[in-house]
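Please look through the sequence and the 3D structure shown here. The paragraphs after it lead from one part of the chain to the next.

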Amino acid sequence: MLGLPDSATLFRLAVLLSLLVAFAAVLALDRPRGRWGARLRSRFVGGVPWGTLVSAAGVLAVYLFLQGGWSYWNTPVTIPFRAWSYFYPLGLGTAAFAHSGPGHLIGNLVGTLVLAPLAEYVWGHFPRERGVQTFTSPLTNPYVRAFVVFPAAVFGVGLFTAAFALGPVIGFSGVVFAFAGFALVRYPIATVVAVSAGNALRTLYGALQVPTVSASAGPSYSSPWWADIAIQGHAIGLFAGLLLGTVLARARGDDRPSAARVVVGVALFGIAQSMWAVYWYRGDETYVLYRAAGVALVVSLATLVAATVVASDRPLFPSPDRPDTVRAVPRWQIGATVLLLCTAALAGPAVPVNLTTASSGDISGQSDPITVRDYEVTYAEDVPNGMVSVIDVEAFGETTRVNTSGVIVRSRERGIWMTAVSKGRLDFAGTSRVRLGGIGWRETVRVERQGWNAVGGGTVYRVALVYGGHNVTAYTSPSVRAEPVVAGRNVSVEAAPEGFQLNVSVGNRSVTGPVPAVNETASVGGLDFVNVEGRVYAVNGGTRVRVARAETYN
């Protein structure tokens with residue numbers, strides 16, 4: 001006897017059925033009779049945006065085969081494929097096309113599939129200049145335009161965003177923003193609609209993947225959402241697309257949208273895509289968001305783009321006396337020059353940052369780092385971030401010189417220095433993994449934190465690195481004293497490479513002994529200590545006082 005489908009399958013079928021009904025209703029009501037296909041075939045070979053599909057396939061191939069996503073879908077190798085510096089060509093060449101995980105990948109692929117076809121439609125597989133015939137040169141060959149020129153432009157923009165982004169970026173989002181900028185010049189409102197379509201596709205993907213979600217309140221650890229946005233990388237991609245789109249539209253003499261449509265389209269796109277989220281990193285996991293300034297910048301950008309796209313070819317300052325010898329600059333080129341200067345201002349600060357490399361001195365830490373081929377891994381606290389620009393720039397009370405705490409990864413060969421796991425995240429989770437690797441190989445270092453909370457006295461902890469059968473204590477924090485005084489004795493908890501100890505002191509004398517295991521008792525300095533399910537009590541005659549509790553993690 002066949003069983004009924006489970007509820008998740010029924011929900012998926014309901015989603016798919018609703019999509020089929022909607023599609024059938026549109027066909028019945030609009031009766032397109034091939035109009036959609038004819039319009040697409042007028043711009044695309046076979047009506048298909050082949051350049052978009054080739055570009056998306058290339059990004060997926062990098063994730064599956066270069067980063068190891070084929071075998072480790074949820075945990076790809078990312079460290080060696082970031083744009084660390086100009087001295088590391090591998091990272092510079094792959095950063096724009098690699099991703100940190102499946103969610104990051106799917107998000108950018110969806111953005112590509114909804115925005116790149118619009119940009120490719122503007123470009124077109126068939127030449128649109130007057131008097132130019134198809135197949136008369138490589139650039140007029142539709143197949144070359146579709147399968148070579150468009151993907152090559154995508155690759156070039158990817159290299160541009162990686163080369164001029166601040167910090168070790170990773171991801172295709174800069175190119176996705178370039179698609180949007182290119183399309184905004186010609187179809188500003190359609191671009192905003194495409195962004196909404198992308199959000200709908202992400203929701204549809206989530207509904208099919210996980211039809212029902214159960215959640216409950218609980219503690220969590222995360223940085224502010226806006227601090228995870230590569231706002232500068234997105235911005236230079238957007239500006240690059242706007243410039244390319246403007247130059248192409250002017251060269252062809254295409255019909256231009258109204259100023260109102262451009263301002264509304266660019267402003268809505270910028271706000272919807274959080275282009276206003278301008279922030280700064282203060283160090284020690286502290287960030288500051290300049291929200292008002294960011295919104296003003298988005299509106300100003302929308303105005304500038306409209307002035308550039310809609311402006312006429314008439315000179316701003318004509319010369320009536322010598323029209324044949326004085327060539328005045330057309331008005332739209334003024335706006336284009338300002339856009340170019342803005343792009344340079346955004347990209348310029350990345351040059352000194354990306355010219356830095358990892359220092360050749362000893363890596364900071366209490367113990368020798370674990371070595372994995374050309375990588376060194378250790379744990380340290382309050383140490384200078386080795387990849388921050390050597391040029392200290394201070395503005396509005398902020399500075400580029402920051403300290404960091406957590407699991408440090410360095411490769412002098414690759415010019416890499418990074419905080420792979422922050423102290424705060426390790427405090428919250430207790431364990432983490434650092435995935436190292438390169439082309440064709442990967443290794444994992446496990447990080448473990450153990451600690452004790454002294455009653456009224458803070459937390460003492462130790463951090464261990466586990467790799468290749470070795471368990472190395474990389475860091476031990478200073479001892480902490482519990483607040484209760486038992487029989488005139490002070491009790492402190494100390495971290496040691498081999499474990500934790502109790503220190504019982506009276507005046508200038510002290511005695512040290514190990515923390516008892518769970519459900520066991522130990523005598524230290526005239527006091528008995530019992531461990532009851534991770535809670536340590538000091539016992540003296542009829543007195544029993546809790547002095548410490550094992551640290552718990554989420």
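Arginine 410 has tryptophan 417 as its bridge partner, and tryptophan 417 belongs to strand β6. This comes from a predicted model. Strand β5, residues 403–411, pairs with β6 in the antiparallel sense, and six bridges hold the pairing. Both strands are part of an open sheet of four strands, whose order is β3-β4-β5-β6 and whose pairing is antiparallel. Which strands lie at the edges of this sheet? They are β3 (370–372) and β6 (416–422), and each of them pairs on one side only. From one strand to the next, the twist averages 40°.

Strand β4 of this sheet also leads to another part of the chain. The structure holds 14 aromatic pairs. In one of them, the rings of tyrosine 379 and tyrosine 475 have centres 5.2 Å apart and planes at 55°, so this pair counts as tilted. Tyrosine 379 sits in strand β4 (residues 375–384), while tyrosine 475 sits in strand β10 (residues 470–476). The two are 96 residues apart, and the pair therefore links distant parts of the chain. Are these two tyrosines buried or exposed? Tyrosine 379 is buried, and tyrosine 475 is buried as well.

Other rings form a group. Phe97, Phe150, Phe155, Phe172 and Phe179 are linked into a cluster by ring pairs. Rings also take part in arrangements with arginine. Arginine 43 lies over the face of tyrosine 121, and its distance from the ring centre is 4.4 Å. Arginine 544 lies over the face of tyrosine 537, here at 4.3 Å from the ring centre.

A further sheet comes later in the numbering. Its four strands follow the order β11-β12-β13-β14, the sheet is open, and the pairing is antiparallel. The strands β11 and β14 (509–514) stand at its edges with a single partner strand each, so one side of each has no neighbour in the sheet. On average, neighbouring strands of this sheet are turned by 25° against each other, with direction ignored.

The pairings within this sheet can be followed one at a time. Strand β11 (residues 480–486) and strand β12 (residues 489–496) run antiparallel and are joined by four bridges. Valine 486 stands opposite arginine 489, a residue of β12. How many residues lie between the strands in the hairpin of β11 and β12? There are two, and in this hairpin alanine 487 takes a positive phi near 55°. Further along, strand β13 (residues 499–506) pairs with β14, again in the antiparallel sense, over six bridges. Valine 506 has arginine 509 in β14 as its bridge partner.

The last step is to view the chain as a whole. The chain has 14 helices and 18 strands. Of its 554 residues, 44% are buried. The surface exposed by the chain is about 28100 Å², and carbon and sulfur atoms supply 60% of that area. Contacts between residues at least 6 apart in sequence can be sorted by how far apart their partners are: 61% of them join residues at least 24 apart. The pair of tyrosine 379 and tyrosine 475, 96 residues apart, is one example of a link between distant parts of the chain.

Key. Residues are numbered from 1 along each chain as its sequence is written. This is a predicted model: local features need pLDDT of at least 70, side-chain atom pairs count only at pLDDT 80 or more; totals for chains, interfaces and linings use all residues. Side-chain values use heavy atoms; hydrogens and water are left out. Two strands pair if DSSP finds at least two bridges between them. Axes are lines fitted to C-alpha atoms, for helices over the stretch in contact, and angles run from 0 to 180 degrees between N-to-C directions. Buried means under 20% relative accessible area, exposed over 50%, partly exposed in between (1.4 Å probe, protein chains only). Contact means heavy atoms within 4.5 Å. Accessible areas come from the Shrake-Rupley method with a 1.4 Å probe; for residues, only the protein chains shown count as cover. Rings of Phe, Tyr and Trp (its six-membered ring) pair if their centres lie within 6.5 Å; planes under 30 degrees apart count as stacked, over 60 as edge-to-face and the rest as tilted. A charge sits over a ring if NZ of Lys or CZ of Arg is within 6 Å of the ring centre and within 35 degrees of the ring normal.
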